[in-house]
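Here are my comments on the structure, set out as numbered points. Please read them with the coordinates open.

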Amino acid sequence: MEKIFGKKLLSDKNNSKSSLSASGYKITEDDIKKVNLYNKGVNKMSEEKFEDAIRCFDLSLRIDPYFIDSLIKKGYSHFHLNQYNLAISLFDQVLEIDINNAGVWNLKGLVYYKAKSYEKAIECCQKALDINPNDPMVWYNYACYLTLDGKVTEGMEALKKSIELDISNAKKAVKDRDFLSARMEEDYKRIIEVVILESIRQGNDHLGKILWITGLDSIEIQDATTRLANKGLLIKNIKKTFTGKDEQYELTKELISKIGMEKRNSVSSSKHFEAKKEVFFSSQQLKDISKILYDASESSDRGDLKMLMQNIDQLLNPILHGTLILDNFFEEHRELRLFNSRLREKGQEYLNSNKEEISKFMLEMDKKIRG
């Protein structure tokens with residue numbers, strides 16, 4: 001989420017009891033008092049003493065009624081006390097001062113969500129996304145609110161956008177009860193499949209392990225693994241155990257060649273150590289990624305928006321190369337997501353203005369991956 005508390009904490013007031021800060025602002029005694037009270041309130045919040053926190057923020061706001069950080073934290077404290085109208089009122093005060101505060105629009109949407117006013121929550125998310133369209137948390141919340149409001153198709157589109165910006169949201173989504181009404185949607189089923197494939201890739205190859213890791217129920221896992229087996233992406237094996245039967249899964253060789261495989265080695269000792277995780281790269285996958293990056297660089301140079309988008313989609317797709325790149329080249333994965341979002345939003349205009357930058361990035365990433 002975009003920084004909420006990026007506003008200047010100190011006043012520009014100039015009086016005899018002030019000193020010059022490193023940034024050139026005059027720090028007054030009132031500034032020091034209000035910040036100390038704010039920090040005390042934050043500490044009370046961390047102890048879940050929200051009423052005490054509110055008193056601290058009130059004292060801070062007596063010194064400076066426009067102190068945005070205290071207004072936000074006071075609103076969030078009221079939210080935790082289920083005092084939704086007071087929270088909304090305080091967030092509105094912040095927005096009167098800073099209408100483009102995406103974080104506060106998101107918080108306001110969260111309050112409406114808790115109050116089950118889903119249409120208003122949706123409107124708040126739309127405001128936040130107008131300001132910052134690359135925030136995965138807001139896209140995720142937007143997906144929840146749309147789904148709860150009966151707009152399941154739009155909710156799944158927002159959820160896909162959230163996962164595109166932050167793949168960890170896929171695992172979160174399959175445990176989230178807000179998406180109960182979407183469980184029969186094909187897009188949601190595909191998200192479940194992605195989460196299961198990633199779990200198996202990480203070495204969780206038994207039904208029981210996947211149940212524990214993902215929070216899915218056994219029927220959903222069995223249905224998803226059957227679909228994946230029919231698609232030729234994994235092999236299901238039934239093994240007899242002392243207590244009955246257990247399902248075991250393995251990825252097909254063709255899929256391993258594309259997404260790699262992780263292996264956990266247990267360390268035997270008198271103490272319990274966390275299992276060491278080793279990532280195995282297939283030479284074919286490295287070749288595939290290298291070729292896609294080269295093609296992306298060429299597409300950028302030519303100004304071919306459609307082909308460049310296809311190349312980036314291949315690099316971000318978790319079933320193809322996205323997971324491996326995320327795990328091992330996190331900064332590059334983030335840049336790819338940002339390029340992808342900007343190209344989707346601004347299209348050819350953005351590409352024409354950033355051809356050289358995108359092309360150079362693709363070639364440098366290729367060089368880094370090939371070592």
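1. Lys368 has a relative accessible area of 47% and is therefore partly exposed, whereas its partner Glu332, with a relative accessible area of 12%, is buried. In this predicted model, the two side chains form a salt bridge whose closest N and O atoms are 2.9 Å apart. Glu332 belongs to helix α17 (residues 330-346) and Lys368 to helix α18 (residues 348-370), so the pair ties together parts that are 36 residues apart in sequence.

2. Another salt bridge lies within one helix: Glu186 and Lys189 meet at 3.8 Å, N to O, and both belong to helix α10 (residues 186-201), where they are three residues apart, about one turn of the helix. Glu186 is partly exposed at 45% relative accessibility, while Lys189 is buried, with a relative accessible area of 16%.

3. The side chains of Glu47 and Lys49 also meet in a salt bridge, at 3.5 Å from N to O; Glu47 is partly exposed at 44% relative accessibility, and Lys49 is likewise partly exposed, at 40%. The count of salt bridges comes to 18.

4. How many disulfides does a search of the whole structure find? The search returns zero. For Cys144, the closest cysteine sulfur is that of Cys125, 8.9 Å away, which is too far for a bond. Cys144 is buried, with a relative accessible area of 2%, and Cys56 also counts as buried, at 7% relative accessibility.

5. As for the overall fold, the protein has 18 helices and six strands, and 46% of its 371 residues count as buried. Among contacts between residues at least 6 apart in sequence, 54% join residues at least 24 apart.

Terms used:
Residues numbered from 1 in each chain as written. Predicted model: local features only at pLDDT ≥ 70, side-chain atom pairs only at ≥ 80, totals over all residues. Heavy atoms only, no water. Helix = DSSP H or I, 4+ residues; strand = E, 2+ residues; numbered from the N terminus. Buried < 20%, exposed > 50% of the residue type's maximum accessible area, 1.4 Å probe, protein only. Contact = heavy atoms within 4.5 Å. Disulfide = S-S within 2.5 Å. Salt bridge = Lys/Arg side-chain N within 4 Å of Asp/Glu carboxyl O.
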